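Dear colleague,

I am handing over the model we spoke about, with the sequence and the coordinates together below. Please open it beside this message, since the notes that follow are meant to be read with the structure in view.

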Amino acid sequence: MSDQRFRHLKDIPSTHIFGSGTPACAGCGGLEVIHQLYEVLGEKTVFINAAGCMTLLSIYPFTPFRGSWLYTAMASAPAGAQGVRDALDILLEQGRIEPSENLTTVVLTGDGSAYGMGLSATSGAIERGLDFIYLCYDNEGYGNTGQQYSEATPHGAKTSTSTGPRGYPGYKKSIFDIWIAGHPAYAATVIGAEPLDLARKIDKAMQFKGPKMITALSPCPTGWGFDPKESVEIGELAVKTGVWPLKEYVDGKVIHTKVPRKRLPVEEYLKRQGRFAHLFNPSRHESTLNEIQQRIDRYWEQVE
Amino acid sequence: MKRILLTGNGAAAWGARLACADYVPAFPITPQTEIIETLADWIDNGEMPGRLVTLDSEHSMITAAGAAAATGVRVFSATSSQGLLYGMEMLYTVAGWRAPFVLVNVSRGLASPITLEPDHNDILAARDCGFLQIHCATCQEVLDSVLIAYRLSEASSVRLPVIVNLDGFYLSFTREPVQIPDLKAAAAFVGAFDAEDIRFRASAPTSQAMAVLGGSPYSYFRYETHLAALQALDAYETIASEFEEKFGRNHPAVETYRCDDAEMLFFMIGCFATKAKVAVDRLREAGWKIGLVRPRLIRPYPAEAIRTILRGKHGVAVIDQNLSMGFGGVLHSELASALYGQPDMPHILASFIGGLGGRDISTEEFFEIATTLKRAIVSGETPAPRLLYTEDELKQIEKLQLIAHVERTGGERE
Ligand SMILES: Cc1ncc(C[n+]2csc(CCOP(=O)(O)OP(=O)(O)O)c2C)c(N)n1
Ligand code: SF4
């Protein structure tokens with residue numbers, strides 16, 4: 001397995017096969033990831049979608065996808081992928097379709113579904129070794145319904161259902177760890193702000209048969225409270241502060257693909273977003289800020 | 001063709017096998033599990049081609065079933081009761097995909113309280129979802145209905161999933177002599193699966209089940225589904241007569257028993273209708289002009305066929321094995337709406353609720369129902385809906401409560 005196909009940014013295809021003019025918000029980090037993923041995967045794909053922001057990409061009778069699309073429901077997109085994959089395999093086995101008619105099966109889901117309601121179906125698909133790519137765009141809340149907190153919301157964040165002075169009391173869980181406990185063929189974290197890392201990982205995923213699990217932190221101007229033009233910068237800060245570790249799981253091992261040696265203080269990331277403003281104004285919430293920083297430091301101590 | 005003793009579950013599995021189902025997404029639930037175990041056994045031992053996958057839930061199972069059908073293979077699945085309701089979101093969803101497949105439901109009463117025994121609240125909860133519904137009264141009918149259901153589901157004018165319903169325990173676990181058609185004859189009857197224009201192929205990209213903006217496109221698709229369901233009435237007639245020609249068994253959309261000269265009718269679905277037949281025979285011996293009407297097709301609703309049968313009759317007793325809380329029997333209200341304002345319809349439409357959670361309906365109770373109906377016809381007054389329950393049953397419950405109370409308190413009064 002090698003990363004040879006994409007050595008430099010200019011090696012990444014930029015055919016722009018994903019159509020424009022979708023109803024997604026300007027600066028949507030999730031859309032950025034889909035765009036990049038689609039360049040690498042190409043149009044011989046069928047996207048199986050769970051309810052969320054991206055459900056509105058395909059609105060009758062228009063779609064930005066050149067390939068196929070099936071909307072399912074919030075909880076069962078991986079089961080939809082199972083049905084499509086199994087049916088294609090049966091048709092291929094029986095010679096009822098040509099091999100050239102085959103499609104890559106891709107699940108497209110938000111974090112609310114991936115970390116919560118859809119987890120049972122996801123876990124089942126990993127356990128059965130389903131040959132598919134799973135993309136979770138993680139905007140850390142139920143975006144489509146107005147950014148209520150989800151099981152992926154970070155500690156302290158203000159959401160539509162955590163508006164108090166301390167924000168969200170819970171802690172973001174690691175869906176990556178949950179996935180790899182089931183030993184998928186491949187798992188990775190990515191972010192749109194690191195396109196080369198993302199393209200390499202998608203390319204690598206395509207070389208495996210079985211469940212390929214990818215989660216992308218997806219800066220969301222609407223839900224997180226920042227100017228759409230800062231979306232890429234916020235993504236970069238998530239990596240540079242160590243909030244979002246870029247890593248992959250191959251052959252039973254976790255490898256960090258980018259280790260931020262000199263990590264920026266997490267504040268640099270937090271203070272740029274309206275959802276954390278209450279930690280700074282009217283007065284600094286030292287204990288919460290310290291706690292968030294310590295958790296990040298502890299994570300990277302274990303890595304290094 | 002061979003004739004063997006088979007349970008309703010076995011008959012359902014045979015139906016799937018003879019229809020050459022390619023794909024079986026599954027999930028266990030009593031009293032359905034025997035169906036998927038039978039199919040798993042055949043597939044594992046090479047007696048039946050195909051693939052069976054156990055999903056994590058019925059919600060996922062129905063998603064996978066719809067997705068596979070929308071990709072272009074023949075799909076069979078089965079569930080019951082809590083499972084049907086767990087998958088309810090997806091019943092509506094996949095029917096909207098216009099993905100043709102067959103789902104067997106083995107009826108079982110719904111929690112709470114939890115029970116394993118049958119009534120029809122589960123299947124009637126799925127009444128409005130877009131699946132067509134065929135209701136069976138015998139094990140033979142289960143097998144035959146699965147074959148007919150595939151034809152109906154896949155008919156160009158229909159393209160909707162179909163539920164074949166059988167009653168838990170009374171059919172699912174009861175052995176009856178069943179004729180098993182030859183594989184060849186069955187396969188010739190059902191035909192090869194034609195995906196038509198709903199399928200995913202690299203050369204023909206397509207988007208399925210997309211969002212719509214606003215009520216106009218939404219209504220367009222909902223109306224289309226409704227009209228397709230209505231077209232299934234004609235399609236059913238054609239397919240059922242072809243089935244009769246090939247296999248010699250007649251399964252009309254509405255079964256009638258001794259109705260021709262009848263003045264009064266029992267009206268019910270499912271296997272308890274065979275109990276009503278016994279009562280009809282006994283009442284006929286005593287000189288009553290009574291018969292039985294048993295719709296097999298509930299969606300689409302065969303309103304015109306029912307009106308033709310009921311025209312000129314004096315009274316109908318609808319026996320519902322379901323209960324819409326705060327209203328009453330579902331079949332009764334549907335029948336009333338089909339008859340209202342139409343010429344020469346029976347004046348008396350009496351409602352009886354019975355057979356909930358597998359509770360028997362005895363022949364004596366059928367006599368009582370007939371007597372009540374006759375009295376109503378004479379007086380011209382429709383009786384209040386009746387919940388079938390005997391004094392003796394009530395005494396038994398009270399006795400159990402008393403025993404439990406004594407066990408717990410040592411007999412002290414509160
Ligand atoms: C069963 C069910 N419950 C609730 C909803 C309403 N709903 C639609 S999208 C959504 C949020 C999904 O959140 P996430 O998966 O994070 O995706 P995002 O909206 O952020 O893109 C919810 C709650 C639904 N569609 N289905
Ligand atoms: S709410 Fe956030 S995730 Fe959803 S479309 Fe807008 S920017 Fe993207």
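Which residue in S12(B) is the bridge partner of B:Phe266? The partner is B:Leu292, and I begin with this pair as a way into the sheets; please keep in mind throughout that this is a predicted model.

The pair belongs to strand S11 (residues 264-267) and strand S12 (residues 290-295) of chain B, which run parallel and are joined by 4 bridges. Both strands are part of an open sheet of 6 strands in chain B, with mixed pairing and the order S10-S12-S11-S14-S15-S16. At the edges of this sheet stand strand S10 (254-257) and strand S16 (386-387) of chain B, and because each has a single partner strand, one side of each is left without a neighbour in the sheet.

A second open sheet takes strands from both chains: its 9 strands, again with mixed pairing, follow the order S8(A)-S7(A)-S5(A)-S6(A)-S4(A)-S3(A)-S1(A)-S2(A)-S9(B). Its edge strands, each of which pairs on one side only, are strand S8 (253-258) of chain A and S9 of chain B. Within this sheet, strand S5 (residues 186-191) and strand S6 (residues 211-217) of chain A pair in the parallel sense over 6 bridges, and there A:Ala187 stands opposite A:Met213 in S6(A). Further along, strand S1 (residues 45-49) of chain A runs parallel to S2(A) and is joined to that strand by 4 bridges, with A:Ser68 in S2(A) as the bridge partner of A:Val46. The step from one chain to the other is made where S2(A) pairs in the parallel sense with strand S9 (residues 207-208) of chain B, over 2 bridges. In that pairing A:Trp69 stands opposite B:Ser207, while the bridge partner of A:Leu70 in S9(B) is B:Gln208.

This brings me to the interface as a whole. The contact takes 43 residues from chain A and 35 residues from chain B. The size of an interface is often given as the accessible area lost when the parts come together; here chain A and chain B bury about 3000 Å² between them, with 63% of that area on carbon and sulfur atoms. Across the interface there are 19 residue pairs in polar contact, both residues of each pair being at pLDDT 80 or more. On the side of chain A that touches chain B, strand S2 (68-71), helix H2 (77-93) and helix H4 (119-127) each supply at least two residues, and H2(A) gives the most, with 12 residues. That side of chain A divides into 21 nonpolar, 14 polar and 8 charged residues. The interface also holds 4 salt bridges, one of which joins B:Arg51 to A:Asp86, with the closest N and O atoms 2.9 Å apart.

Where do the two ligands sit, and what surrounds them? Ligand 1 lies between chains A and B, and of the 17 residues around this ligand, A:Cys53, A:Gly112, A:Tyr137, A:Gly143 and A:Asn144 come nearest. Backbone N or O atoms of A:Cys53 and of A:Gly143 each lie 2.8 Å from an oxygen atom of ligand 1, and for A:Asn144 the corresponding distance from a backbone N or O atom is 2.7 Å. Around ligand 2 are A:Cys25, A:Cys28, A:Cys53, A:Asn139, A:Cys220, A:Pro221 and A:Thr222, a shell that divides into 5 nonpolar, 2 polar and no charged residues. A:Cys53 is thus listed both for ligand 1 and for ligand 2.

Lastly, some points of backbone geometry that you may wish to look at. Most residues other than glycine have a negative phi, and most peptide bonds are trans. In this model the peptide bond from A:Tyr60 to A:Pro61 is cis, with omega near 0 degrees, and A:Pro61 is placed in the loop between S1 and S2 of chain A. Another cis peptide bond, with omega about 0 degrees, joins A:Asn281 and A:Pro282, the latter in the loop between helix H9 (267-270) and helix H10 (286-303) of chain A. In chain B, phi of B:Phe169 has a positive value, near 65 degrees, and this residue is in the loop between strand S7 (162-167) and strand S8 (176-180).

With best regards

Key:
Residues numbered from 1 in each chain as written. Chains lettered and ligands numbered in written order. Predicted model: local features only at pLDDT ≥ 70, side-chain atom pairs only at ≥ 80, totals over all residues. Heavy atoms only, no water. Near = heavy atom within 4 Å. Nonpolar A, V, L, I, M, F, W, Y, C, P; charged D, E, K, R; others polar. Contact = heavy atoms within 4.5 Å. Buried area = accessible area lost by both parts, 1.4 Å probe. Salt bridge = Lys/Arg side-chain N within 4 Å of Asp/Glu carboxyl O. Polar contact = N/O pair within 3.5 Å; in protein donor to acceptor, adjacent residues only side chain to side chain. Pairing = 2+ DSSP bridges.
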